[in-house]
Amino acid sequence: MSTYGPQVEVAIARVRADVAKLHAELTRYGLVVWTGGNVSGRVPGADLFVIKPSGVSYDELAPENMILCDLDGVVIEGTPGADRSPSSDTAAHAYVYRNMPEVGGVVHTHSTFATAWAARGEEIPCVITAMADEFGGPIPVGPFAIIGDDSIGRGIVETLSGHRSRAVLMRNHGPFTIGSSAKDAVKAAVMVEDVARTVHLAREAGPLVPIPQDAIDRLYDRYQNVYGQASDARRSGTAGKPAGRRPKTTGKAPDGASPKTPGQAPDARRKVADRR
Ligand SMILES: O=C(CO)[C@@H](O)[C@@H](O)COP(=O)(O)O
């Protein structure tokens, strides 16, 4: 059944386990309701990534029902989980992996405060040290984009390339985060909600006090290069480092006619729609 070498199979198994487990962090930190968020992880050493099935309860997520895709977002037939349709945001995640080779994980949620900033189309100003540490400046807003093809991915890549922030607030939609791994992208999703909430509450109470740019730069540099342990991915890898512009490739969404397009074909809502 396997068409990959033993090393890649081991890597796929590890990413399946990580991605399945990390969805529990989204609920643990209150970043999602129902099935409104997704995590994916790149398979090191292969042009593949793993993402969850669309609209499936987080309680049901397990390594064997995660879905393996190529970097065009096409499901790899015959692999575990391939009988279900992948996340609605598969084409967006795929676009990010194709165009940002340093990215190892992508996360999307509708977390309340970050999504409220996205609904206003307003970037979150850098007014707390935790934000300077983690994001190195403001959290930018990305364009409004329709769900289902790679336009969200284009918006993420255009906004975050060359930007310190690992989070973008997609206008009228919600946060998407990137990281050196799926776990690192989940961390960014947790942190962006935390700062969105704090800055919102601060502004409700009075004027925000900006942090001077040179202090932001120093805080960011210390957090990325000194804070924590030398073995941390942030310090040893590319997480949080400015990505720089990447060459763009032509986006290719999954085949619209395929049963592997986002959303589960047997879902009850679909049967109802079909009857209309
Ligand atoms: O934002 C949206 C849809 O509005 C999706 O990202 C969210 O509902 C999660 O969808 P999936 O279950 O990953 O297909």
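**Reading burial and contacts from Val106 outward**

Tutor: Let's start with Val106, which lies in strand S4. Helices (H or I, at least four residues) and strands (E, at least two) are DSSP runs, numbered from the N terminus. Residues are counted from 1 along each chain, as its sequence is written. The model is predicted, so local features need pLDDT of at least 70 and side-chain atom pairs pLDDT 80 or more, while totals for chains, interfaces and linings use all residues.

Student: Is Val106 buried or exposed?

Tutor: We count other C-beta atoms, placed from the backbone, within 10 Å of a residue's own: 20 or more is buried, 12 or fewer exposed, and in between partly exposed. Val106 has 30 such atoms around it, so it is buried.

Student: Which residues does Val106 touch, not counting those up to four places away in sequence?

Tutor: A contact means that two C-beta atoms, placed from the backbone, lie within 7 Å. By that rule Val106 touches Ser40, His93, Val96, Phe176, Ile178 and Ala185. You can also look at C-alpha distances: Val106 and Ala188 are 9.7 Å apart in space, with their places 82 residues apart in sequence.

Student: What is Val96 in contact with, leaving aside neighbours within four places?

Tutor: Val106 is one of its partners. The others listed are Val103, Gly153, Ile156, Val157 and Ile178. Val96 is also one of the buried residues of helix H2.

Student: How many residues of H2 are buried?

Tutor: Ten of its ten residues, so to speak of residues 90-99 as mostly covered is fair. Alongside Val96, the buried set includes Thr90, His93, Tyr95, Tyr97, Arg98 and Asn99.

Student: What covers the buried residues of H2?

Tutor: Several elements contribute, among them strand S1 (38-42), strand S2 (48-51) and strand S3 (67-70). Strand S4 (105-108), where we began, is included too, as are helix H5 (151-160) and strand S7 (174-179).

Student: Where is Arg166?

Tutor: Look in the loop between H5 and strand S6 (167-170). Arg166 is buried because 29 other C-beta atoms lie within 10 Å. Its C-alpha atom is 8.3 Å from that of Ile139, a residue 27 places away in sequence.

Student: How many helices and strands does the protein chain have?

Tutor: The count is nine helices and seven strands. Of the chain's 276 residues, 44% are buried. Long-range pairing is also easy to summarise: among contacts between residues at least 6 apart in sequence, 69% join residues at least 24 apart.

Student: Which residues are closest to the ligand?

Tutor: A residue counts as near if its C-beta atom, placed from the backbone, lies within 6 Å of the molecule. Twelve residues surround the ligand here, and Gly36, Asn38, Ser54, Ser87 and Ser88 are the closest.

Student: What is the mean pLDDT of the protein chain?

Tutor: pLDDT is the predictor's confidence in each residue, from 0 to 100. The chain averages 88, and 85% of its residues reach 70 or more. For the complex, the predictor gives an ipTM of 0.97 and a pTM of 0.89.

Student: Where does pLDDT stay under 50?

Tutor: Try residues 238-263, a stretch that has 61 contacts beyond four places in sequence in the model. Residues 271-276 are also below 50, but that stretch has zero contacts beyond near neighbours in sequence.
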